[in-house]
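Visitor: I have a structure to look at and would like to learn how to reason about it step by step. Could you take my questions one at a time?

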Amino acid sequence: MKDVIITVASADAGLTPPMPFVGKRLDSRECNTLAKLALETALIRCGFDVSDRRLPLSDMQELVYQANRVQASGIAVVSCGAFGSRKSFNDVHGGTVRYAVGRHGAKSRELAEDICAKLDNIKPCQTGMCNHEWNGAVCPAVVIETGYITDFDEAKLMHDPDYARNVAEYATMGICEYFGMPYIPHSPTAYKDMHANIGMRGKRVKLIQAALCANGYAVDIDGVYGKNTDVAAKEFAINNGHDCADGVTGDLLCDMLFFPPRYTPPMSKHCGVPYIQRKLTSKLYDAPQNGMADQATVAAVNEFLTETENADAVDADGGISRRAMQLLSEMGGGRPRLF
């Protein structure tokens, strides 16, 4: 059977209004890219092939050209909405799946409605039309807006890695339904037989590359297990206590895809660290985004634990305990709006 290729990209929607406590604006590119990578891994797991646009989009026509060139069966862009001046927050909120209205407008709308119906399980969602720039696509095209960066609660939520994965999984369910593909749930058993090493090509290599990117390792998602992918995989393995001499195994891939949180020693680069730092950011605790369990990250964790009256979860040797990671893993919440 011919592969169903989905061209996946993220769009730059700009910055949030100024966030309290951290004293800065959060960048929508970070949350959109994270959700895009989660969408790619989910699609590949379910049997699709993906054509990746690594950098956030500045020109929709470029994406349409790329999709047409690889004869994609569909286009899915992850983005978010914004309303107002962005100088302050407002109450406009909710998810939207926009569809192209050109040559394949009816199919695009059907795809959008299938995705929207699934996303409704996690938040209110509606469909809407895209602008004219999509009219050159020769396949159904949708933009999945995960929320509004100008709504305080949604701006925080969209920077939560668990929310990004939820959006990706439900969007994948809708895409599977539209194309008649079976949805395979995100679980360790879905990846246990995976293996890849130097010289291999194909969808499983793209899955590994997307997982490496989600953990902060810069590789191209081109489906070729070459030198750069091998170096990144070995670096990831060393940082997470694995042996990667014979390539990426299912156990190593599961760690890349983060099952489940574990104790993180001080000054380590365990795969849980980027997750912790993203969770802290989503709760408005000022943590670096360097993938290192350094003093600043541990201090932010301790500040979170103190403010939530969970000081017993602080680890005696300066690491980040399992209990602390469990508390941080709760989706939503965090520091309140002050104005």
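Visitor: How many cavities of 30 Å³ or more does a search of the whole structure find?
Guide: Please keep in mind that this is a predicted model. Rolling a probe the size of a water molecule over the atoms shows where empty space is left. Counting cavities of 30 Å³ or more, the search of the whole structure arrives at three.

Visitor: Which elements give two or more residues to the lining of the largest cavity?
Guide: The largest cavity has a volume of about 50 Å³, and its lining includes Cys31, Asn32, Ala35, Tyr163, Ala164 and Val167. The elements that contribute two or more residues to this lining are α1 (28-45) and α5 (161-179).

Visitor: Why do cysteine 46 and cysteine 176 not form a bond?
Guide: Cysteine 46 counts as buried, at 3% relative accessibility, and cysteine 176 counts as buried too, at 1%. A disulfide needs a pair of cysteine sulfur atoms within 2.5 Å, and the search of the whole structure finds zero disulfides. The closest cysteine sulfur to that of cysteine 46 is the one in cysteine 176, which is too far for a bond because the distance is 4.1 Å.

Visitor: What is the accessible area of the nonpolar patch that Phe21, Leu338 and Phe339 form on the surface?
Guide: One member of this patch, Phe339, lies in the segment after α11 (322-328). Taken together, Phe21, Leu338 and Phe339 have an accessible area of about 330 Å².

Terms used: Residues numbered from 1 in each chain as written. Predicted model: local features only at pLDDT ≥ 70, side-chain atom pairs only at ≥ 80, totals over all residues. Heavy atoms only, no water. Patch = residues over 30% accessible without salt bridge, like charges linked within 9 Å, V, L, I, M, F, W, Y side chains within 5 Å. Areas by Shrake-Rupley, 256 points an atom, 1.4 Å probe, with all protein chains shown as cover. Salt bridge = Lys/Arg side-chain N within 4 Å of Asp/Glu carboxyl O. Helix = DSSP H or I, 4+ residues; strand = E, 2+ residues; numbered from the N terminus. Buried < 20%, exposed > 50% of the residue type's maximum accessible area, 1.4 Å probe, protein only. 1 Å grid on protein atoms, 1.4 Å probe; cavity = no way out; pocket = protein on both sides within 12 Å on 5 of 7 lines; lining within 4 Å. Points joined across faces, edges and corners; volume = space filled by probe spheres on them.
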